[in-house]
Structure formats: structure tokens, C-alpha cells
Amino acid sequence: MKKAFAVTLGILTAIGGFVDIGDLVANALVGARFGMSLAWVVVVGVIGICLFAEMSGRIAAVSGRPVFDLVRERLGPRAGVVNLAASFFVSLLTLAAEIGGASLALELATGVNYLLWVPGVAFVAWVVMWRVKFETMERVFGLLGLVLVVFAVALWALGPDWGELAGQLTSPPQAEGAPTYWYYAVALLGAAMTPYEVFFFSSGGVEERWTRKDLAVARTNVFVGFPLGGLLSLAIAACAATVFLPVEAEVETLGQMMLPVGLGLGKIGLALVILGVFAATFGATLETALSCGYTLSQYFGWQWGKLVRPVEAARFHTVLLVTVVLAAALILTTIDPIMVTEYSLVFSAAALPLTYLPVLMIANDPDYMGDHVNGRFSNALGTFYMLLLTVVAVAAIPLMIATKAGQ
Amino acid sequence: MRAREIHAGLHLLDRQVVRASTGRLVCKVDDLELSGDPPHVTAILAGPLALGPRLGGVPGRLMVAIAELLSPQEHPRPWRLPMHLVTELGGAVEVGGDPEEPALEAWARRNIVAKIPGSGAEEEPRERPARHGQAPAARLGAYLGKPVLDSEGKLVGSVADVRLRQDGPLLMEVQQAFTVADLIVVPHWHSRLFGYERGPGGRAPKLVSAIIRGRFAGGRLVPWDQVETPAPPAFRLNVPASRLAPLTDLYEPDPRRG
């Protein structure tokens, strides 16, 4: 009974934790412009994140080593430092976007300008990381993020022409050029497979002291939770496709992204979706800030984690403090948080192979894994994703320049 | 019984050092200190002064310059952890004893973290004398990527990894030292082997393995007694390239099949 409870809780947490500002923005933008024609990318992204999250979770459980440890160990100091710079930059940018997203949700709830909320959000996020236990933190915000299910309910209430939505799956709108289509495909893949998710997932596994016994639970969380999170992403896209695509309206603000829920479910729906967006972005604020600390500490070999008192992980906690201040400062320059999100997605797509290659290598290393090395299926799929991610990484920045970031 | 053999780059360098008693993280194996002839590993080196030279380029030099600027010592040396403290080599390197704290951690704690309420700070931690290197010793990191010339002065390749054998002199009467046994030489510059030079055990996925193994197809294994002068800037061998053993001799039996 207790175990069933743990599994359910883990799955729910994974669903809520999957959706962050990146998924929200990318899916709403894409839904409004391309309908459901990019839904296949979400599916590809979800399978990819399941695959690599499972590998990194297995490595964490068997050898007790988190992902960035492996990056440094397998790629060496030079390629490792390149990856560190890229991952840290992307996580910092994402952190800024999440703080902006949480503040925007508060603006929608209260009417007070989001810039006034930024320092408060940043401060509360830091206090939570300073004092609250890892498990409590992960559960509370993961479960609150589950409120985003209102997107699925709203979609049903909107009563779209399901045949029309299904028809969009295979035919992109003619008005958009191929480069723009592929640019948003890259952004969607970046949203589903952001590297910070595996940094956070595997470091969390180490913090919670996973052993081989926890493997089954970790796997269930990944294989059930992430796909359900992906369905939530698709619901967001479908809502935008139902409301905005027929009138050819562009989605530019977070408020517009929540509008379909208001149309479908009225005031209560709107209140719930604001709560859900706040919980999801605030939870992701914690995840991205911690990921900044994890990557830097694990590259240099510093003591990290929330299991020890802050004085015993002084450098780690200093990094957390500094990154939260930097990210808040970036948003306070009045830069558009939605634009920051889009850029962070494309940059993270470009950084993907450097993170996932060492994971794939270590998951095959019998010195680390013993009997738990990858099976043939994982390896075939892993090889396919390495090729795909390499192509995506090479294409990401040129596509961004060629399409003027999707305009 | 055959002495234990490991690859310095694969099994030691860049791994996490963990305190065996508490599981606390100490540092990374940023470099290894070598002494004697044939050279054997006497200590793990860590910190920016050990990592900087291995990073190389502008970032590496910058790291060293900043660390030297901020260090209170006149001739700063890398942080040093004697090899006899090592109790286990696995996914992480476990060490016994009570290693002193790195300067940056102490600084960050004293000046930032301990001043914030709720940090858990109780008392001023005791200051212990720093254990830094005495004489400027050779470092294993300097071997990697170095060119190798045969007896006729022809370029064989560059050092990709160093094979260590645990048959050296006793360290503090606890364990035998790891001596430099062979150089793994590959025809490309800055080639990493990613562990795919080992036996049939760790050779999946096939495509990744094939690409990496293809890059060191002409690799050579050079025993230390074939090395004449280990002096910089290159290793000079005492045999012609044609008499060097190919890298295929490195295969270990697959541990899963006993």
C-alpha cells in the first residue's frame, strides 16, 4: 500500500514537474501558428527524455553518480568545461524565464505589475532552497503544477472539431515557410528535452539515496509521468489551435496563452490556470536554480546538495544565491520573459548532444553498471537520438538566424 | 597474482573524490603527482592550480593566474592528497583520513553562507595547516596529448591515456604505488578513447563504438621501457615505430562472462 502510494505520488510529481514555462510558451505559440502539425515533435521529445532520464536514473541508483559527474569524467576537462558553460548559461536563462513566468502569473492574479513581483518571487524561491527539504519541495510544487490539467478539461469544454484537429496532425498551414516550421520544431524538442531536467532528476536520485531497489519506482515515474506530462503539453497546443488558429491570431503574452481556459471554463478555470502556471513556473524556478548549482559543483567536485547543512556546502549555496540574483536582475531589465524563454529553448537544443552522449556511454560501461548496462533496445533508440540531437544541435542556431527567431 | 592495472585517464582523472567515512564530497582528481623512475603516482592533485594546466588555453591560464593572485602563499601549489589515503577506486575515488578544506569553500562559508540565518553554522571550524606540495613534481596530466617520436625521429602519434600497474614501492607501508606501465598512443591529436579501448565488455552502442574505435585504429601500446627520454616537449622512443605493439592487446575479458 505504502509503495503504491509512493509510485502514485512520484507519477503525479513527474506530470506536474514536466511542464514549465518552456513547454507552456512553445506549445501555445506552436498551437496558435501551426495547429497540431508539430504534435509529432512533442512525441519524439517525450520518448527522448524518457529514454535518457531512465538511463541517468539507473546510473544514479547503481553507482550513485549524478549526470554532470559523468560529463566531466567521460568527456574530460576541456569538452566538459564547454558543456558546463553552455549548460550553465541555458539553465540561467531558463531560470530567468521561470522567475518572469511566475511573476507574470502573479500579475494576472493581482493586477500588480510583474516587475514588482520579481524580487519577491526570487527571494521566496531562495528561502525555499535554503530551508525546505528536497522531497517536500519536489512534491508540493509538482502536485500543485498538476492543476494545469485544466487545459485538458478546457479543451473538452471548448468542444473543438476533433476531426479538424486530427487533420492538422499531418498538414501544416500553407502560410508558414519551411524554415519557420523547423525552427519551432527545434524549440519544441528543446522544451521537452531540456538538459536541466536530467541534471535535476539524477541529482535528486542521489539526494534521495536511490539504490537498486528503487529502480522500479524510478522507472515507473519516468515512463508514466513524463508521457502524461507530454499529453498536458499537447492539450495546451490543442487549446491554442482551437481558439487562435482559425482567426490567425498570434500569441504574444502569457495572458493570451491562458485565454482558451477562460473561454472554456469561465472564471474558475481562469483562476485555476493562473494557479497552475504559477506553481509550474515556481517549481521550475527551484529546479533550474538547483541545476545551476549542481552543474558547477559537480564539474569542480564541490560538496553539493540539500542533504547537508548549508555551511557544509558553502560554495554550492553561494552559487544558488548568486544565480537567483543574476536571473532576477536579468528579468528586471524589463526584457520580455517570453522572448527569454524562446531563446533559452533553442540554445538548450544546441547543447543537448554534449550532455546525453556521456550518459549513453556510462549506461553501457560495465565498470559502473555491472548487470544493469543498457539493453539492445535502449541502445538502438539511444543511437538514433544521438544522431537526431546532433542534427538538431547543428541546425538550431542557423535556423534561429535565418528565421529571425521565428518571425 | 597479476598486479592490478588501470588507465589513468579513464579510471582516475576527473573522478569524484569522496570521504569514505561520511560520504562527503572532497574534490575531483584534477591531476596526479608523479615521482621516481619509473614514475609512480604519489598524490592526487586538485584545485584550480591542478585543473588549469590541464584545461590549457586562455581559460586554463586565467584560472591559474587568478588562483595564484588570490593565494596567500608565495609559491602556491595545487592542493594535495597523498595516494596512500585512497581506500577504493570505483565510480568514485574513496579516501580515508580527514582531508583539509579547500580555501574557496572556507572563504565562501566564512564570508557568505555562515552570515545568513539558518545556515547551520555553530562554531568557527578549526584551522588546520595546509598540506600543499613541497617540491614541484611531475604531473600525469602533462603526459596526455604529448607527441611521441620513434627512434628514427618519426612521429608515432600522441598520448591518449597512460596505463598504470599497481606494482610500485610501498606508500607509507599501506599499499603499493601505481607505476606508469604503458603509454596508449593514438595517431590523432587530443583524442579521447572514452573507455572504448577496453575489451569486448563495454563496446555498446555499436555505432558510437565503431566511430570512436575507428579514430584510433592505428593506435599503439608503448611499454615504459621502450621510452628513452620522457623529457618535454615529446616522448622519444628507443625502438622504431614498426616494432610497437598494436592497441588490440588491451582487451580485457568481459566481466559479465566471468
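Two strands count as paired if DSSP finds at least two bridges between them. Helices (H or I, at least four residues) and strands (E, at least two) are DSSP runs, numbered from the N terminus.

With that in hand, here is the sheet in chain B. Four strands form an open sheet in the order 3-2-8-7, and the pairing is mixed. Strand 3 and strand 7 (86-89) are the edge strands, each with a single partner, so one side of each has no neighbour in the sheet. On average, neighbouring strands are turned by 25° against each other, direction ignored; axes here are lines fitted to C-alpha atoms, for helices over the stretch in contact, and angles run from 0 to 180 degrees between N-to-C directions.

A word on the model itself. It is predicted: local features need pLDDT of at least 70, side-chain atom pairs count only at pLDDT 80 or more, and totals for chains, interfaces and linings use all residues. Residues are numbered from 1 along each chain as its sequence is written, while chains are lettered from A and ligands numbered from 1 in the order in which they are written.

**Strand pairs in chain B**

| Strands of chain B | Sense | Bridges | A residue pair |
|---|---|---|---|
| strand 2 and strand 3 | antiparallel | 3 bridges | B:Val17 and B:Cys27 |
| strand 2 and strand 8 | parallel | 3 bridges | B:Arg19 and B:Val95 |
| strand 7 and strand 8 | antiparallel | 3 bridges | B:Leu89 and B:Val93 |

There's a bit extra to say about strands 2 and 3. B:Val18 stands opposite B:Leu25 of strand 3. The two strands form a hairpin with 5 residues between them, and B:Gly23 takes a positive phi near 80° there.

**Chain A**

Chain A is a helix affair: 16 helices and 0 strands. Its radius of gyration (taken over C-alpha atoms) is 20 Å, which agrees with the value near 22 Å for a compact globule of 407 residues; the globule rule is 2.2 Å times the number of residues to the power 0.38. Along the principal axes, the C-alpha atoms of chain A fill a box of roughly 55 × 50 × 45 Å. Of the 407 residues, 61% count as buried (20 or more other C-beta atoms within 10 Å of the residue's own, with exposed at 12 or fewer and partly exposed in between; C-beta atoms are placed from the backbone). Residues 24 or more positions apart account for 86% of the contacts in chain A with a separation of 6 or more, a contact being two residues whose C-beta atoms, placed from the backbone, lie within 7 Å.

How do two of these helices pack? Helix 10 (residues 195-207) and helix 12 (residues 254-300) of chain A have axes 9 Å apart and an angle of about 75°. That makes them roughly perpendicular, a label for 65 to 115 degrees (under 35 is roughly parallel, over 145 roughly antiparallel and the rest oblique). Helix 10 of chain A brings A:Tyr196, A:Phe199, A:Phe200 and A:Ser203 to the contact, and helix 12 of chain A brings residues including A:Glu287, A:Leu290 and A:Tyr294. By class, that is 5 nonpolar, 4 polar and 1 charged residues. Ala, Val, Leu, Ile, Met, Phe, Trp, Tyr, Cys and Pro count as nonpolar, Asp, Glu, Lys and Arg as charged, and the others, Gly among them, as polar.

**Where the chains meet**

The contact between the chains takes 36 residues from chain B and 35 residues from chain A. On the chain B side, the elements giving two or more residues include strand 2 (16-19), strand 3 (25-28) and helix 4 (103-111). Helix 4 of chain B gives the most, with 4 residues. That side of chain B has 19 nonpolar, 8 polar and 9 charged residues.
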